[in-house]
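Please open the model in a viewer and keep the sequence panel beside it. The tour below proceeds from selection to selection.

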Amino acid sequence: MSFISTELLLLVFITAAIYYIIPKKYQWILLLVVSYMFYTSYGLKYVGFIAFTTITTFLGGIFIEKTAQSGKDKISANKATMTPEEKKAMKAHTKHNKKLICALILLCNFGVLAFLKYFNFTIENINSILTGVGITQRLGRMSLLLPLGISFYTFQSMGYIIDVYQGKYPSEKNPFKFALFVSFFPQILQGPIGRFDKLACQFYEEHKFELKNIQYGLQLMLWGYFKKMVLADRAAIVVNKVFNDYTHYTGFQVIFAVLLYSVELYADFSGGMDVVIGIAQIFGIKLDQNFKRPFFSRSISDFWRRWHITLGTWMKDYIFYPFTLSKPMNKFGKFSKKKFGNTIGRVLPICLADLLIFFVVGIWHGAAWKYIAYGMYNGIIIALSNLLEPAYKLGLNKLHINSEAKPWKVFQIIRTGILINIGWYFDMGVNFNAAIVMMKNTFVGLSLSTLTDNSLFKLGLLKKDIQILAFGCIVWFIISVLQERKINIREALAKKPLVVRWAIYLALIFATPIFGYIGATSGFIYAQF
Amino acid sequence: MEKLIEILKEVNADVDFENCTTLIDDGILDSFDIVSIVGELNDAFDVEISPVDIIPTNFNSAKAMWTMVERLQDN
C-alpha cells in the first residue's frame, strides 16, 4: 500500500475511528494488527524478516536482563563470604555474558541487513579484482530483495538492545508490545528512527480523543503531501532527465539540475516525514523530528544535526560515543597528545570517528562506490574542519571578522549550501564515474546566456512548472524562516480567523492534486533503503 | 570544581561554564566538545566516563559534570 494513495488515507481514517471507540487498553493491539496488515500488503514473504528481528531482539533483551539480575543475586547472596576481588570477578563475568548476548543479537540482525544489502556489491568488487589479476573465475550474484524498511527497523531495534545492555531501562516483557515498537506502520517505510524509552510509553498508554491532535495531524499530512506531490515530483522531472542522460548536459543546465535535486530530495524526504509524523499525531503519538531547516546550516557538521536528524543521533549515541570513549581510542588519544601536542592530539580520535561514522552513513544509503564517496566527502570536510578549527579561529581574528555578525552567517549558509550541493553529485549521480563526469561538465559551456536563452525550459519542465516550483519554494522559505525564529506554524494558524485558516487549508487541499505530478514517481526516495 | 572549569574553558573558551545550566539542551556543547571534555576529565580526575553517562542530566552544567565525576570517583 503506497503512502500516496487513497487506500492509505482510508486506512488511517478507519483505524483512527476504531482507535477512539474501542476501550483504550486495546488501542496498542489495534495499532499492532494494522501495522502487520500494512507490512503484509508489501509481500507476505517479507514478514519473516521483521518477525526474526522482533523475536531475536525481544529474547535478547530478556536474557541480558536475566544475566544481569542473576549476577547481582549471586553477589548479594554471598555478600558476607565474597572477597572484593571475587565480587569484581563476578561483575566482570556478568558483564562479559551480557556483552556476548548483545553481540550475538547485533551480529544476527546487522548480519541479515548487511547480507541483503551488500552481498552483491561485495561479489561485484571481488569479480573486478579477479578480472584485474587475470583470473577468469567469477562468483555468482544472488537475486536478493530488501524487506520493507529493513534499514530503519533494524537500526531502531538494535538501539533498543544496546540500551538494555547498558542498563538504560528494563527490557520489554510483552512480545506483542515489543512487536509494535518494531513495526509501527507510519515509521516503517522511512523512519524517523525512534528510541524505545521515548516511544514505548506512548505506544502502550491510553490515548484520549483530542480534536487538536486530529487537526494538527491532518494539517501536517496535507503540508507533507503538498511538498511531495507538487514540489518533489515536479523537480524530479529535470533531475532524472539530466542525471540519467548526464553526458548531454553542461554548465548551468547541470547546476540547475543539482539545485533542483536539493528541492526534490528535501521536499520528498521531509514531506514524507510530515505525512508520517502527522499520521502518528492522529493516534496521539509524537515521533521525533527528522529535519530542522537544513539549508540554514552554517557548516556541514551543523547540516548533519538538521538533516535526517534521527540517523545522525543514532550514529552519535551508538557508534560515535562508544567508539571515541573506547579503551583503544583512549590510548590513541593519549599517544597522539604526546606526539602532536594537546590541541591536535585531542582532536585526532574525533577525526577518525568522523571518518568512520560517515563511511557508515555513506554505505547506509546503498551498496555503491558513489555512496561511499558521498559519505567520505562529508566525513573528510567535518574531520578537516575539526582539525583546522584553531587555525580558522585565528584567521577570523586576524581579518577582524565577527563570526556572529549577520553578513558572516549569511556567507556561511551560502558556503554550506554550495558544499551540500556538491555532495549531491555523488548521491544522485548514476555511479561514481558519472558523478565525476558531471562535475567536469559543470565547467564546460558555463555561460550566463544559458540562464536567459530558455535552455533551462528544455529540461523536461515548462516555464509554468518552474514558476510553480519557484512559488512553492518561496512559500516554504517563508515558513522556514518563521520556524527558525521558533514560531510554531500550526499554533500560529490556529489563532488566525476562521476565514484565513480555511483559505489556506483549501488552497493546499486543491493545489496538491491539481498541481501534483501524480504518476510521475510512485514512491518516496528513502523507502528504498 | 575550579580545575573542572579550567578544563572546560580549554575545550571551548567562549562558553560561560560558571553560570550556564543548558549546555546540552541549548546545543552549546556539541558531540565533539563532549568527547574532548570526557577525555580531559578522565585524565585529570582518574575516572572512566562511559557512553551510558553521556546524558543531558550529567552535562548540562559544570556542576552536573562535577557531580558525575565525584560519583565515579566514589565507585
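**Chain A as a whole**

Select chain A: of its contacts with a separation of 6 or more, 76% join residues 24 or more positions apart, a contact being two residues whose C-beta atoms, placed from the backbone, lie within 7 Å. This is a predicted model, in which local features need pLDDT of at least 70 and side-chain atom pairs count only at pLDDT 80 or more, whereas totals for chains, interfaces and linings use all residues. Residues are numbered from 1 along each chain as its sequence is written, while chains are lettered from A and ligands numbered from 1 in the order in which they are written.

Colour chain A by secondary structure and 20 helices appear, with zero strands; helices (H or I, at least four residues) and strands (E, at least two) are DSSP runs numbered from the N terminus. The radius of gyration of chain A is 26 Å, close to the 24 Å that the globule rule gives for 529 residues, so chain A is as compact as a globular protein of that length. That radius is taken over C-alpha atoms, and the rule is 2.2 Å times the number of residues to the power 0.38. Along the principal axes, the C-alpha atoms of chain A fill a box of roughly 90 × 65 × 60 Å.

**The two domains of chain A**

Next, select residues 6–209 of chain A as domain 1 and residues 214–460 as domain 2; these bounds come from an automatic or database domain assignment. The centres of the two domains, taken over C-alpha atoms, are 28 Å apart. Their contact takes 22 residues from domain 1 of chain A and 20 residues from domain 2 of chain A. On the domain 1 side, α1 (6–21), α4 (84–132), α5 (150–165), α7 (185–188) and α8 (196–204) of chain A each supply at least two residues.

**Helix α20 of chain A**

Move to residues 498–515 of chain A, which form helix α20. How many of the 18 residues of α20(A) are buried? The number is one, so α20(A) lies largely in the open. Here a residue is buried if 20 or more other C-beta atoms lie within 10 Å of its own, exposed if 12 or fewer, and partly exposed in between, with C-beta atoms placed from the backbone.

**Chain B and its helix α4**

Now select chain B, which has four helices and zero strands. Of its 75 residues, 32% count as buried.

Within chain B, select helix α4, residues 62–74. B:Ala62, B:Met65 and B:Val69 are its buried residues to display. They cover an arc of only 60 degrees around the axis, which puts them on the same side of α4(B); the arc is that of the directions from the helix axis to the C-beta atoms. The buried residues of α4(B) pack against α1, α2 and α3 (56–59) of chain B. Turn to the face away from this buried side to find the exposed residues B:Glu70, B:Arg71 and B:Asp74.

**B:Thr21**

Centre the view on B:Thr21, in the loop between α1 (2–11) and α2 (31–45) of chain B. B:Thr21 counts as exposed because it has 12 C-beta neighbours inside 10 Å. Leaving aside residues up to four places away in sequence, B:Thr21 touches B:Asn60 and B:Ser61.

**Where the chains meet**

Finally, display both chains: eleven residues of chain B are in contact with 13 residues of chain A.

Conventions: The expected span of a helix is 1.5 Å times one less than its number of residues.
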